[in-house]
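Grab a pencil and work through these exercises with the model in view. Try each task yourself before you read its solution.

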Amino acid sequence: MRLKTTIYRELLSKFDTHIMSTKSIRTGNHYTGQVEDFLIFLEDKGVFNLNEIDGELMKKYFNYLTIRPKKRGEGKLSIRTINDNLSTLRMFSLRMQDERILKREIQIPSNVKLNYDDKDKENNHFVLVREILTTDEIKVVFDKCISPLEKSLVALAYGAGLRRGSLVRLLESDIDFRQGMVTAYMDKNNKTRRVPLSDFFLNILKDYTIYRLQILASLNSRNNYFFIDLKGDKMSGNRLNRLLKKIINRTENLEIIGKKITLHCLRHSTATHLMDSGESFESVSNFLGHSKIDTVQLYSKRRQIKNSYRI
């Protein structure tokens, strides 16, 4: 099945040209194919203007992806393929906004884990498990931070994608303000990695550094750990997670609260947003610290697009 309308064929051509120029791949790539499937879906629903797409329509498209047969082989789309489709649509949404075709971003569902419902495996039903925040939701959460400590927690868990264990072990000396880098311990092998931070997040950490020094000075105490409480004591992973939960509850946003976000969810949120901005699976895997490849060069790309990570 091919696109019927001229306007959608032109939009698809614009997106295909953009993908070929930014990813150095040939025409016929899977990104363009996924967007074409989406546009065909819109045509079938009688929607011929991208600005008419609403959340309800996107829920229908998500449901369509979960039951759609594979084009090659047997069975339905895999979890990874469904999430890949969603990430591609976010890339398409951003591009259409850049082209001044879309007035606002398309309400695309978050990348999710899909599991068979044990009560109805035969019908292949899916259970939606929300585990990440959208960029807009990240902004809402950040706006509800009321202290330098809370802002720094979000800055490092989301902005640097640090694991909870890395946040707990982080020392004041691990923040390199001159080079704009943070040194993080990798929990599984006790090695370290260097992660670049945007100027926006660095300024947040500077404010917290002054704040924590004032706390220690008032107590006439010393503590090299970065995250400390008002008594000057090191904060545990559980306490940091509880602090995040307080921030989440402060939003009074039932959808955000219902996602049961943890520090690890913020780590995966920024990884998803990197993929949505065009990063490859390999670079995101490296960002998460899952690869043995030297990550400094890959992270420098993230540093170059730092303005995309302002809150």
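Five exercises follow, each with a worked solution.

This is a predicted model, in which local features need pLDDT of at least 70 and side-chain atom pairs count only at pLDDT 80 or more, while totals for chains, interfaces and linings use all residues. Residues are numbered from 1 along each chain as its sequence is written, and side-chain values use heavy atoms, with hydrogens and water left out.

**Exercise 1. The whole chain**

Find how many helices and strands the protein chain has, and what part of its residues is buried.

Step 1: Count the elements, taking helices (H or I, at least four residues) and strands (E, at least two) as DSSP runs numbered from the N terminus. You should get 13 helices and five strands.

Step 2: Sort the residues by relative accessible area: buried is under 20%, exposed is over 50%, and partly exposed is in between (1.4 Å probe, protein chains only). Of the 311 residues, 47% are buried.

Step 3: Look at contacts, meaning heavy atoms within 4.5 Å. Among those with a separation of 6 or more, 57% join residues 24 or more positions apart.

**Exercise 2. The largest core**

Work out which residues touch the most other members of the largest nonpolar core, and which element gives the largest share.

Step 1: Build the core as a set of buried Ala, Val, Leu, Ile, Met, Phe, Trp, Tyr and Cys residues joined through side-chain atoms within 4.5 Å. The largest such set has 44 residues, and Leu-156, Leu-167, Val-182 and Phe-227 touch the most other members.

Step 2: Now check the elements. Those giving two or more residues to this core include α6 (148-157), β4 (181-185) and α8 (199-219). The largest share is from α8, with eight residues.

Step 3: Zoom in on Phe-227. Leaving aside neighbours within four places in sequence, its contacts include Leu-149, Leu-153, Tyr-208 and Leu-240.

Step 4: Don't stop at one core. A second, separate core has 31 residues, among them Ile-53, Tyr-61, Leu-65 and Phe-92.

**Exercise 3. Two buried residues**

Decide whether Thr-66 is buried or exposed, then do likewise for Ile-82.

Step 1: Thr-66 belongs to helix α3 (residues 55-67). Its relative accessibility is 6%, so Thr-66 is buried.

Step 2: Follow the side chain of Thr-66, which comes within 2.7 Å of the backbone oxygen of Asn-63.

Step 3: Ile-82 is in helix α4. Its relative accessible area is 0%, so Ile-82 is buried.

Step 4: Compare positions: Ile-82 and Leu-65 are 17 residues apart along the chain, yet their C-alpha atoms are 6.4 Å apart.

**Exercise 4. Positive phi**

Find where Asn-220 and Lys-260 lie, and say whether each is buried or exposed.

Step 1: Most residues other than glycine have a negative phi.

Step 2: Asn-220 has a positive phi, near 50 degrees. Asn-220 sits in the loop between α8 and α9, and is exposed because its relative accessible area is 74%.

Step 3: Lys-260 also has a positive phi, near 55 degrees. Lys-260 lies in the loop between α10 (254-258) and α11, and with 70% relative accessibility Lys-260 is exposed.

**Exercise 5. Accessible surface**

Find what share of the exposed area comes from carbon and sulfur atoms.

Step 1: Use the Shrake-Rupley method with a 1.4 Å probe; for residues, only the protein chains shown count as cover.

Step 2: The protein chain exposes about 17000 Å², and carbon and sulfur atoms supply 48% of that area.

Key. A polar contact is a pair of N or O atoms within 3.5 Å; within protein, one must be able to donate a hydrogen and the other to accept it, and residues adjacent in sequence count only if both atoms are side-chain atoms.
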